[in-house]
Amino acid sequence: MSEIPSPGSRSGVADEKLIRVSLHFFHVPFVMDTTCRGLSNLSLNHPLAPVESANCGSSSSNDDEDVDGFGDLRSLPVDVCERRPTCLRCCRPQKVCLCPFLPVHPLEVSTCLYIVQHPAEESRALRTVPLLAACLPPGKCKVLVGRRFNEERNPELAAVCRDSRTLILYPGPDAQNLEELVQKQDRDQEDQDRTGEQFVRVGPNVIIIDGTWSQAKDMFLRNTLLHQPKQVQLSRSEQTSQYVIRSQPSNICLSTLECAALTLSILERNEAIQEVLLKPLQALCSFQLQHGALVHHSKEHLIRHGIYDKQMPTNKRKIKRMENLITNQHICPR
């Protein structure tokens with residue numbers, strides 16, 4: 001091994017810089033050993049002299065803790081946050097359980113709901129689908145989570161989509177009004193009673209997309225499986241959403257639970273179903289508003305009253321959609 005030059009020489013200065021860099025950045029054992037052997041030849045007056053070669057190997061771990069500044073933090077106890085106990089029926093924390101507002105017994109319905117849910121909805125704290133499922137019998141509200149669906153991965157959904165009795169609730173120019181469809185079924189039923197012909201009632205299965213309007217649009221357009229059932233939409237009446245703790249594009253846009261409640265009341269020919277299903281939603285919104293939540297007005301409401309605080313679009317297509325919100329014409333996520 002060659003002799004290490006003295007600190008006073010030009011090469012000694014270079015070695016000194018190398019030693020400092022090695023000590024400050026690397027803290028690797030073989031680097032520390034080499035450095036320590038070099039330090040043994042330095043004079044006691046050198047700035048690096050206080051470092052003792054005999055202690056370099058044993059204090060490397062201590063130096064690591066001191067240099068990175070986390071030595072004291074590592075010794076602090078770690079508090080593990082426990083998740084609040086959750087009600088098994090309404091999936092809400094037990095302290096804010098909504099079971100008193102749910103029906104004592106699940107509603108007896110003949111229609112089966114298939115909720116095609118966007119994955120982002122699973123992480124939302126204020127979801128309406130668990131409340132919907134808690135009001136219906138087991139097997140009458142099935143939730144399928146995902147963005148893309150096909151026959152290989154989702155054979156049950158594929159079979160439902162191929163069924164001629166299945167409806168998908170999604171607004172659009174090709175969608176038929178659900179109330180008008182049911183009225184037609186009732187007329188056909190009356191004709192059957194008079195003629196004795198066999199009649200099959202449409203709509204034992206209903207598919208509803210759960211997500212924001214943009215997410216629902218993406219899921220509907222990208223999943224050809226969802227194009228097979230008959231497409232229906234709810235009547236664009238003056239009914240407004242009671243889900244006031246979450247924003248909607250327009251006043252007539254409803255939450256997933258509200259859509260399901262209105263759909264079931266129409267298909268089951270029982271208006272009381274809608275009232276029962278909306279009770280837990282009303283209780284949820286009331287509780288949130290009492291504890292600091294704010295009322296979220298729809299985009300349509302904000303634009304109408306001149307309090308829309310975001311930048312207005314410059315794209316002609318988006319401007320047209322804004323105008324449609326104000327005039328309440330052709331409101332559709334597509």
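Trainee: Which residues of helix α9 (residues 213–222) are buried?
Mentor: This is a predicted model: local features need pLDDT of at least 70, side-chain atom pairs count only at pLDDT 80 or more, and totals for chains, interfaces and linings use all residues. Residues are numbered from 1 along each chain as its sequence is written, and side-chain values use heavy atoms, with hydrogens and water left out. Buried means under 20% relative accessible area, exposed over 50%, and partly exposed in between (1.4 Å probe, protein chains only). In α9 the buried residues are Gln-215, Ala-216, Met-219 and Phe-220.

Trainee: Why do these four count as being on the same side of α9?
Mentor: The arc is taken from the directions that run from the helix axis to the C-beta atoms. The buried residues are on the same side of α9 because the arc they cover around the axis is only 125°.

Trainee: Which residues are exposed on the other side of α9, and which strands do the buried ones pack against?
Mentor: Helices (H or I, at least four residues) and strands (E, at least two) are DSSP runs numbered from the N terminus. Ser-214 and Arg-222 are exposed on the other side of α9. The strands packed against by its buried residues are β1 (112–117), β3 (166–169), β5 (205–210) and β6 (230–233).

Trainee: Which residue forms a salt bridge with Arg-222?
Mentor: A salt bridge is a side-chain nitrogen of Lys or Arg within 4 Å of a carboxyl oxygen of Asp or Glu. Arg-222 has a relative accessible area of 54%, and its partner is partly exposed at 28%. The two are 4 residues apart in α9, about one helical turn. With N and O 2.5 Å apart, the partner is Asp-218.

Trainee: How many salt bridges does the whole structure hold?
Mentor: One of them is the pair Arg-222 and Asp-218. A search of the whole structure gives a total of 9.

Trainee: What is the distance between the closest N and O atoms of Lys-142 and Glu-156, and how many residues apart in sequence are the parts they tie together?
Mentor: Lys-142 is partly exposed at 27% relative accessible area, as is Glu-156 at 42%. The closest N and O atoms of this salt bridge are 2.9 Å apart. Lys-142 belongs to strand β2 (residues 141–145) and Glu-156 to helix α7 (residues 155–162), so the parts tied together have a sequence separation of 14 residues.

Trainee: How many residues apart are Asp-186 and Arg-269?
Mentor: Asp-186 is partly exposed, at 29%, and Arg-269 likewise, at 34%. Their side chains form a salt bridge, 2.8 Å from N to O. The pair links distant parts of the chain, with Asp-186 in helix α8 (residues 178–195) and Arg-269 in the loop between α10 (256–267) and α11 (272–290), a separation of 83 residues.

Trainee: Which side chain of opposite charge is nearest to Asp-210, and how far away is it?
Mentor: Asp-210 lies in strand β5. Contact means heavy atoms within 4.5 Å, and the residues that Asp-210 touches, beyond those up to four places away in sequence, include His-118, Glu-121 and Thr-256. Lys and Arg count as positive and Asp and Glu as negative, while His and the chain ends are not counted. Asp-210 is buried without a salt bridge, and the nearest side chain of opposite charge is Arg-246, at 6.1 Å.

Trainee: What share of the residues in the chain is buried?
Mentor: The chain has 13 helices and 6 strands. Of its 334 residues, the buried share is 38%.
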